[in-house]
Protein chains: 2
Amino acid sequence: MREDTDLASTIHHNQPDDTGTHPPARAPRILVVDDEPPIADLVAGYVSREGWEARVVADGIAAVSAVRDFEPDVVVLDLMLPGLDGIEVCRQLRGFSDAYVLMLTARSEEVDRVAGLTVGADDYLAKPFSPRELVARIKALLRRPRSSTAHLRSTGPPGLAVDEDRRSVRVDGRDVELTAIEFAVLAALTRQPGIVLSRARLFREVWGGVNFADDHLVDVHIGNIRRKLGDNAADPRFIDTVRGVGYRLREARP
Amino acid sequence: MREDTDLASTIHHNQPDDTGTHPPARAPRILVVDDEPPIADLVAGYVSREGWEARVVADGIAAVSAVRDFEPDVVVLDLMLPGLDGIEVCRQLRGFSDAYVLMLTARSEEVDRVAGLTVGADDYLAKPFSPRELVARIKALLRRPRSSTAHLRSTGPPGLAVDEDRRSVRVDGRDVELTAIEFAVLAALTRQPGIVLSRARLFREVWGGVNFADDHLVDVHIGNIRRKLGDNAADPRFIDTVRGVGYRLREARP
DNA sequence: AGCGCGCGTCAAGGAACCATCAAGACGCCG
DNA sequence: CGGCGTCTTGATGGTTCCTTGACGCGCGCT
């Protein structure tokens, strides 16, 4: 999949990305594809209420072109569509977009029947669904990292090892216990060593969604991480503070 | 079977992404075995986009011979196949190849898997699946150390022996009786010792499908497993709780 | 040098999370 | 058709940890 097997393609792709300074975070964009107006409007309503930008199209062909110029982060896609069906749309999207696809299916039983065909979406939801659940699923997708392989390359500071699969952190060979949020924050930093991540960016990576409440929250967690890592804010070994911006994982000296 | 052989020639998009550990001299090779061309192509597409070499065959007999001369690192194997079915193919492969096998199952076939009919696969994935998940699983397999006797994996915690073929569980030499679901949950954990599995992931491994109903359900079964294993949640010997995420099988400390 | 603002630390209330218990629902077998 | 084991759902309590606020220090600007 798109992801980032090469870095060049990731950088300018439609990732909501302010690495701190210049552009303010834009609202996530959600494309809703459904040929039944009441349902489409309903979905769009919930999406808007979350502060996300919504666009609605009613058939497969329109969906594909809408993805091109709307560049959504998530596509909510009905399986049954006039023109191209959801499966075909999904497939075409894969060719040029790294948007996550949330497929809507008529009934949970039908998932079985068409299981072989619906392969390719990132998540599924059976109709009828609760709006809460729909929003929760979209949030989960927005929270997913765009790059699944980035952490493998990371050359963080010597003595620090972060394993996202095992969810383990080691400092000089000694295991360190972190809480869920602390781990997520550290992992976000580790994914891009040497890059300054703004608090807003960190918040979105860890908490997901858009609305972020307080910079201070991030500070506190960073503080706790430092304490557990045995790091010192005044003379940091692992996490640099970039005043006025955010935090940065130190790199191995080249 | 219609068109079988390598329709999905190799599309080298980007730099072959070494999966982290050992630098593979050549690009990893993935054999895709599925009799439904759309799915096979889809899978092959994702594989190629990762920079891996893909070959596609459509039936079991072709699969066996393809393994011989293509020498893949990973075989993505549909359970339902014309000719030899996935289980039989898998069994034959074990005789002469140390390729890892990732089995694809439809949701309705999940019952069979829980019943222990499928044997010998290194990982399972239920249809419909997310392409990102498929790639992640393949990466996980590629990352595994390659042993000539591939069966002897799962270096779980000392004192615990889980035999998927035999469907038996032993703790300190004593047999423990587990129900079908309990065994499936424990086996999922055992398949990747040390790796944290989210509740959602566990649910999908055991119950199949992408939608999952209730986290709590997993909790209860974990609780029952622990009780039967003589494990203690507060100070676990076998199964760690990773708060906010899921569960993890403890590893033998190397 | 003085001052303001950003950041680090500490502490406490409250929410989220998980383990356990219990009872209802389901399927399987006799 | 009835009984039993298993799966599922609900409720409860204990524990962790997320969040918020207050306070003090020091960097950097004027």
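The exercises below deal with a predicted model of protein chains and DNA strands.

Residues are numbered from 1 along each chain as its sequence is written, and chains are lettered from A and ligands numbered from 1 in the order in which they are written. In this predicted model local features need pLDDT of at least 70, side-chain atom pairs count only at pLDDT 80 or more, and totals for chains, interfaces and linings use all residues, while side-chain values use heavy atoms, with hydrogens and water left out.

**Exercise 1. Describe the protein surface near DNA strand D.**

Step 1. A residue is near a strand if one of its heavy atoms lies within 4 Å of it. There are 18 residues around DNA strand D, and Thr179(A), Trp207(A), His216(A), Thr179(B) and His216(B) come nearest. Sugar and phosphate make up 62% of the atoms of DNA strand D within 4 Å of the protein.

Step 2. Look for polar contacts (pairs of N or O atoms within 3.5 Å; within protein, one must be able to donate a hydrogen and the other to accept it, and residues adjacent in sequence count only if both atoms are side-chain atoms). The side chain of His216(A) has a polar atom 3.1 Å from a base oxygen of DNA strand D. For His221(A), a polar side-chain atom lies 3.4 Å from a phosphate oxygen; for His221(B), a side-chain N or O atom is 3.3 Å from a phosphate oxygen.

Step 3. Assign elements, where helices (H or I, at least four residues) and strands (E, at least two) are DSSP runs numbered from the N terminus. Two or more residues each come from H8 (180–191) and H10 (215–229) of chain A, and from H6 (180–191) and H8 (215–229) of chain B.

Step 4. Sort by class: Ala, Val, Leu, Ile, Met, Phe, Trp, Tyr, Cys and Pro are nonpolar, Asp, Glu, Lys and Arg charged, and the others, Gly among them, polar. The surface near DNA strand D has 10 nonpolar, six polar and two charged residues.

**Exercise 2. Do the corresponding analysis for DNA strand C.**

Step 1. Here 20 residues surround the strand, with Gly244(A), Tyr247(A), Arg199(B), Thr241(B) and Gly244(B) coming nearest. Sugar or phosphate holds 79% of the DNA strand C atoms within 4 Å of the protein, and bases hold the rest.

Step 2. A polar side-chain atom of Thr241(A) is 2.7 Å from a phosphate oxygen of DNA strand C. A polar backbone atom of Gly244(B) is 2.6 Å from a phosphate oxygen of this strand.

Step 3. The elements giving two or more residues are H10 and strand E10 (239–242) of chain A, with H8 and strand E10 (239–242) of chain B. The classes are eight nonpolar, six polar and six charged.

**Exercise 3. How are H7(B) and H8(B) oriented to each other?**

Step 1. Axes are lines fitted to C-alpha atoms, for helices over the stretch in contact, and angles run from 0 to 180 degrees between N-to-C directions. The axes of H7 (residues 199–207) of chain B and H8(B) come within 9 Å and cross at roughly 75 degrees.

Step 2. Angles under 35 degrees count as roughly parallel, over 145 as roughly antiparallel, 65 to 115 as roughly perpendicular and the rest as oblique. H7(B) and H8(B) are therefore roughly perpendicular.

Step 3. Contact means heavy atoms within 4.5 Å. Participants include Phe203(B) and Trp207(B) of H7(B), and Leu217(B) and His221(B) of H8(B). By class, five residues are nonpolar, one is polar and three are charged.
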